[in-house]
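Got your viewer open? Load the model, pick a cartoon view to begin with, and let's walk through it stop by stop.

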Amino acid sequence: MFSTGQWIFAILFFVAFVIAIAYQYRKDKKIHKAYYKGTVWILIAFIGFIGMIAAVKFLLT
């Protein structure tokens with residue numbers, strides 16, 4: 001299905017992409033703390049809402 005060269009390229013691309021994302025995240029960490037305070041509560045509420053929908057679906061079917 002894929003040649004050896006394609007696999008090597010895919011692995012190297014993935015590694016380079018993860019390194020670039022990690023580098024950018026570390027670089028912007030201070031900015032994230034300043035502008036995105038309290039977003040963890042939004043995430044918790046969203047996960048809770050999805051969990052509630054799943055619970056209702058499984059309890060009522």
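## Start at a phenylalanine

Select Phe 17 to begin: at 46% relative accessibility, Phe 17 counts as partly exposed. One thing to keep in mind as you look around is that this is a predicted model.

Now add Phe 13 to the selection. Phe 13 is exposed, with a relative accessible area of 52%; the cut-off for exposed is over 50%. Both residues sit in helix H1 (residues 4-27), and because they are 4 residues apart there, about one helical turn separates them.

## Look at the rings

Show the aromatic side chains as sticks. How many aromatic pairs does a search of the whole structure find? It turns up 3. In one of them, the rings of Phe 13 and Phe 17 have centres 6.3 Å apart and planes at 15°, so this pair is stacked. Add Phe 9 as well, and you have a cluster in which ring pairs link Phe 9, Phe 13 and Phe 17.

Next, move to Phe 2 and Trp 7. This aromatic pair is edge-to-face, with 5.5 Å from centre to centre and 80° between the planes.

## Zoom out

Time to see the whole thing. The protein has 3 helices and 0 strands, and from the N terminus on its elements run α-α-α. Taken along the principal axes, the C-alpha atoms fill a box of roughly 50 × 40 × 10 Å.

How does the radius of gyration compare with that of a compact globule of 61 residues? The protein has 20 Å, while such a globule would have a value near 10 Å.

Switch on a surface if you like. The accessible surface comes to about 6200 Å², and 77% of that belongs to carbon and sulfur atoms. What share of the 61 residues is buried? Buried residues make up 0%.

## From H1 into H2

Go back to helix H1 and select Thr 4, which lies in it. Thr 4 has 59% relative accessibility, so it counts as exposed. Draw a distance from the C-alpha of Thr 4 to that of Lys 33: the two residues are 29 apart in sequence and 43 Å apart in space.

Then click on Asp 28, in the loop between H1 and H2. With 25% relative accessibility, Asp 28 counts as partly exposed. Try another distance here, this time to Val 15: the C-alpha atoms of Asp 28 and Val 15 are separated by 20 Å, and the residues are 13 apart along the chain.

Step on to Lys 30, found in helix H2 (residues 29-35). Is Lys 30 buried or exposed? Lys 30 counts as exposed, at 72% relative accessibility. Its C-alpha lies 38 Å from that of Gln 6, and the two are 24 residues apart in sequence.

## Along H3

Now for the next helix. Select Leu 43, whose place is in helix H3 (residues 39-60). At 47% relative accessibility, Leu 43 counts as partly exposed.

Leu 43 also belongs to something you can colour on the surface. Which residues make up the nonpolar surface patch of about 1100 Å²? Select Leu 43, Phe 46, Ile 47, Phe 49, Ile 50, Met 52, Ile 53, Val 56, Leu 59 and Leu 60, and you have the patch.

Ala 54 is another stop in helix H3. Ala 54 counts as partly exposed, with 31% relative accessibility. Link its C-alpha to that of Ile 44, and you'll get a separation of 15 Å for residues 10 apart along the chain.

## Last stop

Finish with Lys 57 and Phe 58, shown as sticks. Lys 57 lies over the face of Phe 58, at 5.0 Å from the ring centre. Turn the view until you look straight at the ring of Phe 58, and you can see how Lys 57 is placed over its face.

Definitions and conventions: Residues are numbered from 1 along each chain as its sequence is written. This is a predicted model: local features need pLDDT of at least 70, side-chain atom pairs count only at pLDDT 80 or more; totals for chains, interfaces and linings use all residues. Side-chain values use heavy atoms; hydrogens and water are left out. Patches are made of residues with over 30% relative accessible area and no salt bridge: like charges are joined within 9 Å, nonpolar side chains (Val, Leu, Ile, Met, Phe, Trp, Tyr) within 5 Å. Accessible areas come from the Shrake-Rupley method with a 1.4 Å probe; for residues, only the protein chains shown count as cover. A salt bridge is a side-chain nitrogen of Lys or Arg within 4 Å of a carboxyl oxygen of Asp or Glu. Helices (H or I, at least four residues) and strands (E, at least two) are DSSP runs, numbered from the N terminus. Buried means under 20% relative accessible area, exposed over 50%, partly exposed in between (1.4 Å probe, protein chains only). Rings of Phe, Tyr and Trp (its six-membered ring) pair if their centres lie within 6.5 Å; planes under 30 degrees apart count as stacked, over 60 as edge-to-face and the rest as tilted. A charge sits over a ring if NZ of Lys or CZ of Arg is within 6 Å of the ring centre and within 35 degrees of the ring normal. The radius of gyration is taken over C-alpha atoms; the globule rule is 2.2 Å times the number of residues to the power 0.38.
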